[in-house]
Amino acid sequence: MANNPLVYDAATIATINAFTALLNSGTLKIYTGSQPAVDVGVTGTLLATLTFGATAFATATATGSGGAAVANTITSGTAGNTGTAGYFALESSGAAVEATGTVGTSGCDLNLNSVAISSGATVSCTAFTVTQAQT
């Protein structure tokens, strides 16, 4: 017998909303180096910290092949160090790492204009969307 559960829209949306609620008043931190393995602590040098609002994301909506939630305004941060951005960590307001992702200039989980970040520079994120495939 095959195992092939199909998750419906309501469950996909609930999953996204539960995840994004963890980020209310949390942070998006950008680090040097490679994205660490799952459940491994962050590594590299912290370059910049950006802050999510008290309600980090709008309510998720169905996309046809899953769901998505768009971040509300993310407050820019000032780079504390100079380096090349390699990955980011999404942290709850209690500083628990909830997820990590790759950083680059295209084709990554977080695309920046430049991965070269200089200490004292303003670092901003104008759009961030969390998606979940419906499988």
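## A tour from strand S1 to helix H1

Select Lys29 first: across from this residue, in S2, stands Thr49. The model is a predicted one, in which local features need pLDDT of at least 70 and side-chain atom pairs count only at pLDDT 80 or more, while totals for chains, interfaces and linings use all residues. Residues are numbered from 1 along each chain as its sequence is written, and side-chain values use heavy atoms, with hydrogens and water left out.

**Stop 1: strand S1 and its partners**

Widen the selection to S1, residues 27–32. Helices (H or I, at least four residues) and strands (E, at least two) are DSSP runs, numbered from the N terminus. Now add S2, residues 46–52. S1 and S2 run antiparallel and are joined by five bridges. Two strands count as paired if DSSP finds at least two bridges between them.

Next add S7, residues 83–91. Six bridges join S7 to S1, again with the strands antiparallel. Pick Tyr31 here: Tyr87 of S7 stands opposite.

How many of the six residues of S1 are buried? Six of the six are, so S1 is largely enclosed by the rest of the structure. Buried means under 20% relative accessible area, exposed over 50%, and partly exposed in between (1.4 Å probe, protein chains only). In a regular strand the side chains alternate between the two faces of the sheet. Colour the two sides of S1 separately. Thr27, Lys29 and Tyr31 are buried on one side. Leu28, Ile30 and Thr32 are buried on the other.

**Stop 2: the two ends of S1**

Go to Thr27, in strand S1. Its relative accessibility is 15%, so Thr27 counts as buried. Show its contacts (heavy atoms within 4.5 Å). Leaving out residues up to four places away in sequence, Thr27 touches Thr49, Leu50, Thr51, Phe52, Ala89, Leu90 and Glu91.

Jump to Thr32, also in S1. Thr32 is buried, with a relative accessible area of 16%. Residues up to four places away in sequence aside, Thr32 touches Thr43, Gly44, Thr45, Leu47, Gly83, Thr84, Gly86 and Tyr87. Zoom in on Thr45. Its backbone nitrogen lies 2.8 Å from a polar atom of the Thr32 side chain.

**Stop 3: the sheet S3-S4-S12**

Clear the view and select S3 (61–62), S4 (66–70) and S12 (129–133). These make an open sheet of three strands in the order S3-S4-S12, with antiparallel pairing. S3 and S12 stand at the edges with a single partner strand each, so one side of each has no neighbour in the sheet.

Start with S3 and S4. Two bridges pair them in the antiparallel sense, and Ala62 stands opposite Gly67 in S4. The two strands form a hairpin with three residues between them. Which residue in the turn has a positive phi? Select Gly64: its phi is about 100°.

Move across to S12. S4 and S12 pair in the antiparallel sense over five bridges. Gly66 has Ala133 of S12 as its bridge partner. Ala68 stands opposite Thr131 in S12. Colour S4 by accessibility: four of its five residues are buried, and the strand is mostly covered.

**Stop 4: helix H1 over the sheet**

Bring in H1, residues 9–21. The helix lies across S3, S4 and S12, at about 30° to S4. Axes are lines fitted to C-alpha atoms, for helices over the stretch in contact, and angles run from 0 to 180 degrees between N-to-C directions.

Check the length of H1. Its 13 residues should span 18 Å at 1.5 Å a residue (1.5 Å times one less than the number of residues). The end C-alpha atoms of H1 are 18 Å apart, which agrees.

Which residues of H1 are buried? Select Thr12, Ile13, Ile16 and Thr20. Seen down the axis of H1, the buried residues fall within an arc of 95°, so they line one face of the helix. That arc is taken from the directions from the helix axis to the C-beta atoms. Their cover includes S3, S4 and S12.

End on Thr12, in helix H1. At 2% relative accessibility, Thr12 counts as buried. Neighbours within four places in sequence aside, Thr12 is in contact with Val7, Gly66, Gly67, Gln132 and Gln134. For a last distance, pick the C-alpha atoms of Thr12 and Leu22: these residues are ten apart along the chain, and the atoms are separated by 16 Å.

Definitions and conventions. A polar contact is a pair of N or O atoms within 3.5 Å; within protein, one must be able to donate a hydrogen and the other to accept it, and residues adjacent in sequence count only if both atoms are side-chain atoms.
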